[in-house]
Amino acid sequence: AGQDREATGKMREYLEGYEPSSPSIALLKDGQVLHFIPREEIEDHEVEEIVANLTGAFEQYC
């Protein structure tokens with residue numbers, strides 16, 4: 001975050017109400033956050049855990 005100030009600012013508009021977190025992953029639809037994965041659910045977690053988290057979100061919302 002912060003390297004492209006305009007892009008970062010635009011994403012923070014979408015993520016209003018969510019604490020800034022880098023890295024983070026957000027699943028959005030029509031500009032609304034459906035699922036958000038903050039840093040603490042990414043760092044020090046196995047890839048398989050993150051994949052399961054994302055897979056569950058996609059199954060629920062997509």
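Helices (H or I, at least four residues) and strands (E, at least two) are DSSP runs, numbered from the N terminus. This is a predicted model, in which local features need pLDDT of at least 70 and side-chain atom pairs count only at pLDDT 80 or more, while totals for chains, interfaces and linings use all residues. Residues are numbered from 1 along each chain as its sequence is written, and side-chain values use heavy atoms, with hydrogens and water left out.

**Whole chain.** Select everything and colour by secondary structure. Two helices and two strands appear, in the order α-β-β-α along the sequence. The C-alpha atoms fit a box of roughly 30 × 30 × 20 Å along the principal axes. Of the 62 residues, 18% are buried; buried means under 20% relative accessible area, exposed means over 50%, and partly exposed lies in between (1.4 Å probe, protein chains only).

**M11.** Next, select M11, which sits in helix α1 (residues 5-14). M11 counts as partly exposed because its relative accessibility is 35%. Add G31 to the selection: M11 and G31 are 20 residues apart in sequence, and their C-alpha atoms are 9.7 Å apart in space.

**S22 and P23.** Move on to the loop between α1 and β1 (25-29), where P23 is found. The peptide bond from S22 to P23 is cis, with omega near 5°. Most residues other than glycine have a negative phi, and most peptide bonds are trans.

**D30.** Go to the loop between β1 and β2 and select D30. D30 is not a glycine, yet it has a positive phi of about 55°. With 74% relative accessibility, D30 counts as exposed.

**D44.** The loop between β2 and α2 holds D44. D44 also has a positive phi, of about 65°, and is not a glycine. Its relative accessibility is 81%, so D44 counts as exposed.

**E43 and the patch.** Stay in this loop, between β2 (32-37) and α2 (47-61), and select E43. E43 counts as partly exposed because its relative accessibility is 41%. Now add E40, E41 and D44: together with E43 they gather in a patch of negative charge on the surface. Patches are made of residues with over 30% relative accessible area and no salt bridge, with like charges joined within 9 Å. A salt bridge is a side-chain nitrogen of Lys or Arg within 4 Å of a carboxyl oxygen of Asp or Glu.

Note on methods
Patches are made of residues with over 30% relative accessible area and no salt bridge: like charges are joined within 9 Å, nonpolar side chains (Val, Leu, Ile, Met, Phe, Trp, Tyr) within 5 Å. Accessible areas come from the Shrake-Rupley method with a 1.4 Å probe; for residues, only the protein chains shown count as cover. Lys and Arg count as positive and Asp and Glu as negative; His and the chain ends are not counted. The place of a charge is taken as NZ of Lys, CZ of Arg, CG of Asp or CD of Glu.
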